[in-house]
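Ready to work through a structure by hand? Grab the viewer, take the exercises in order, and try each one before you read its solution.

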Amino acid sequence: MKLLPLFMAGILVLSGCAGAPPREPAERGAPPASRPSIGPAPTQPGITPRPGAAVAPPSETTGARFIRVLLSGGTQEVVLEGETIRAWGVDGRLAAEAAGRVTVAAVGERIRWNGARLLGDTLDVAGAPELRVGNRKGIGRVRLLARKGELLAIAVVPLEAYVAAVLSQEAPPRFHPEALAAMAVAVRTYAVAAAAKPRDPAYDVVGSVEDQVFDGMDGVPAVFREAADRTRGLVLRYRGELARTVYHSTCGGRTEDAESAWGKDIPYLRAQFCNDCADSPAYRWEYRMSEAEGRRVAKALGVPPGKDLRIAVAGRTPTGRASRVRISSGGVSRELQAAEFRKAAGYAKVRSLKMEVVPVAGGWRFTGEGWGHGVGLCQFGANGMARRGAGFREILARYYPGTEISGERP
Ligand SMILES: [Zn+2]
């Protein structure tokens, strides 16, 4: 039972982003610092423990900081499972109770409980001994919100438990403890910064590749909990402001400038030489794209593919990564952002933009270095540094130069 997540984490790290960690913040959509700031920044999710202590998870203590993680949205209903499930309304009164399994659905701005009772638009739900939300286990509490017929399920997770849980999805357990500690600070900083500028008034982060992968707190291996514990409360700041602690699997020899990747210069996200990720399985990679695949990608990117379909790098960043790609066929030619091409081709296939592409019989051969956008902390590089004896502070100082480690609240 516990072996599978461990094994999976290892596989996922090797398999890259887009649905599989290590996720890449920039590839989850908007570049850093471009996230819209909506409304005031709550420091607490506004959910306090409700009566019915038998149901409240033991990990939650008064005064702990919580992160609101969107587990599901865009659907009309969600299934909750737990031996005992209790739901409270915003007035703090017990609104419903069930055992085993409950289907909750949005009906306009109201929540239908188990196909019968129609309750208000917001419910705070806890389960004992634990709560399962959809396919995610080990969720302590969840806030359900009906919004225009859509049901949002938002886990309310103690910050440090969130850090350990995310780490278990974003890094392999075999990594050196100092590398995991550095990652823990990056994960925590990302979350605290996100909570300061929430994505939505109702939640801080999305529990998927869009932000950081969160798959519940069930069975998080001890190495990840230890990494969170050791760095409890520590975040990175640049001139007093929380840093954008983006990270990626493998830089392939040199990290990328935020400006080249996202068009915005961030002083602590500038290219660094890194020779510590050489043992990453993605340090050098090759991908053969078939003709059919190339045609599919070209079509998706607006170029009707003919017999003379061509794919070529049309511009590079100062670190040698592709910045533009040109696709042409039958007199139609389109030049686009290389990142857009990589997304269409598949993040796990074209693993980085540090790449060359040449036509070969039956398709194209991509050869490249590294995995991910290359900005910020190089995970395999961090591990290499740790194995050479570096501590997590040294690792963070290298990949986020000029930042300072401080407590979560200055
Ligand atoms: Zn590296």
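Let's start with a rule you'll need for ring clusters: rings of Phe, Tyr and Trp (its six-membered ring) pair if their centres lie within 6.5 Å. Planes under 30 degrees apart count as stacked, and those over 60 as edge-to-face. Keep in mind that you're looking at a predicted model.

**Exercise 1. Find the ring pairs and sort them.**

Step 1: Apply the rule to the chain, and you get 5 aromatic pairs.

Step 2: Take Tyr 162 and Phe 214. Their ring centres are 5.9 Å apart and the planes sit at 25 degrees, so this pair is stacked. Tyr 162 belongs to helix H2 (residues 159-170), while Phe 214 is in the loop between strand S9 (205-206) and helix H4 (222-230), so the two partners are 52 residues apart. Tyr 162 is buried, at a relative accessible area of 0%, and Phe 214 is buried with a value of 0% too.

Step 3: Now try Phe 175 and Phe 380. With 5.1 Å from centre to centre and 85 degrees between the planes, they're edge-to-face. Phe 175 is in the loop between H2 and H3 and Phe 380 is in helix H8, so the pair ties together parts 205 residues apart in sequence. Both Phe 175 and Phe 380 are buried.

Step 4: Look for rings that join up. Tyr 287, Phe 341 and Phe 366 are linked into a cluster by ring pairs.

Step 5: One more ring has a charged visitor: Arg 141 lies over the face of Phe 66, 5.2 Å from the ring centre.

**Exercise 2. Work out the geometry of the zinc site.**

Step 1: Which residues coordinate the zinc ion? They are Cys 251, Cys 274, Cys 277 and Cys 378, each through its SG atom, at 2.3 to 2.4 Å.

Step 2: Check the angles. They run from 103 to 117 degrees among the 4 donor atoms, and the site is tetrahedral. For comparison, the ideal angle for four tetrahedral donors is 109.5 degrees.

Step 3: Read the spacing along the chain, and you find C-x22-C-x2-C-x100-C.

Step 4: Are Cys 274 and Cys 277 buried or exposed? Both are buried.

**Exercise 3. See how well helix H8 is covered.**

Step 1: Locate H8 at residues 379-387 and count: 8 of its 9 residues are buried, so to speak mostly covered.

Step 2: Name some of them. Among the buried residues are Gln 379, Phe 380, Asn 383 and Met 385.

Step 3: Go just past the helix. Gly 389 follows H8 and has a positive phi, near 110 degrees.

**Exercise 4. Map the nonpolar cores.**

Step 1: Begin with the largest one, which has 85 residues. Trp 113, Leu 144, Phe 214 and Leu 377 have the most contacts inside it.

Step 2: Which helix gives the most to this core? Helix H3 (residues 177-196) does, with 13 residues.

Step 3: Zoom in on Trp 113. Leaving aside neighbours within four places in sequence, Trp 113 is in contact with residues including Ile 85, Glu 97, Val 104 and Leu 123.

Step 4: Look for a second, separate core. That one has 22 residues, including Ile 311, Ala 322, Ala 345 and Trp 364.

**Exercise 5. Step back to the whole chain.**

Step 1: Count the secondary structure: 9 helices and 20 strands.

Step 2: Check burial, and 54% of the 410 residues count as buried.

Step 3: Consider the contacts with a separation of 6 or more. Residues 24 or more positions apart account for 68% of them.

Methods: Residues are numbered from 1 along each chain as its sequence is written. This is a predicted model: local features need pLDDT of at least 70, side-chain atom pairs count only at pLDDT 80 or more; totals for chains, interfaces and linings use all residues. Side-chain values use heavy atoms; hydrogens and water are left out. A nonpolar core is a set of buried Ala, Val, Leu, Ile, Met, Phe, Trp, Tyr and Cys residues joined through side-chain atoms within 4.5 Å. Buried means under 20% relative accessible area, exposed over 50%, partly exposed in between (1.4 Å probe, protein chains only). Helices (H or I, at least four residues) and strands (E, at least two) are DSSP runs, numbered from the N terminus. Contact means heavy atoms within 4.5 Å. Donors are N, O and S atoms within 2.8 Å of the metal (3.2 Å for Na, K and Ca); water is not among the atoms, so sites may look incomplete. Four donors count as tetrahedral if all angles lie between 85 and 135 degrees; four count as square planar and six as octahedral if opposite donors are over 155 degrees apart and all others between 65 and 115; anything else is irregular. A charge sits over a ring if NZ of Lys or CZ of Arg is within 6 Å of the ring centre and within 35 degrees of the ring normal.
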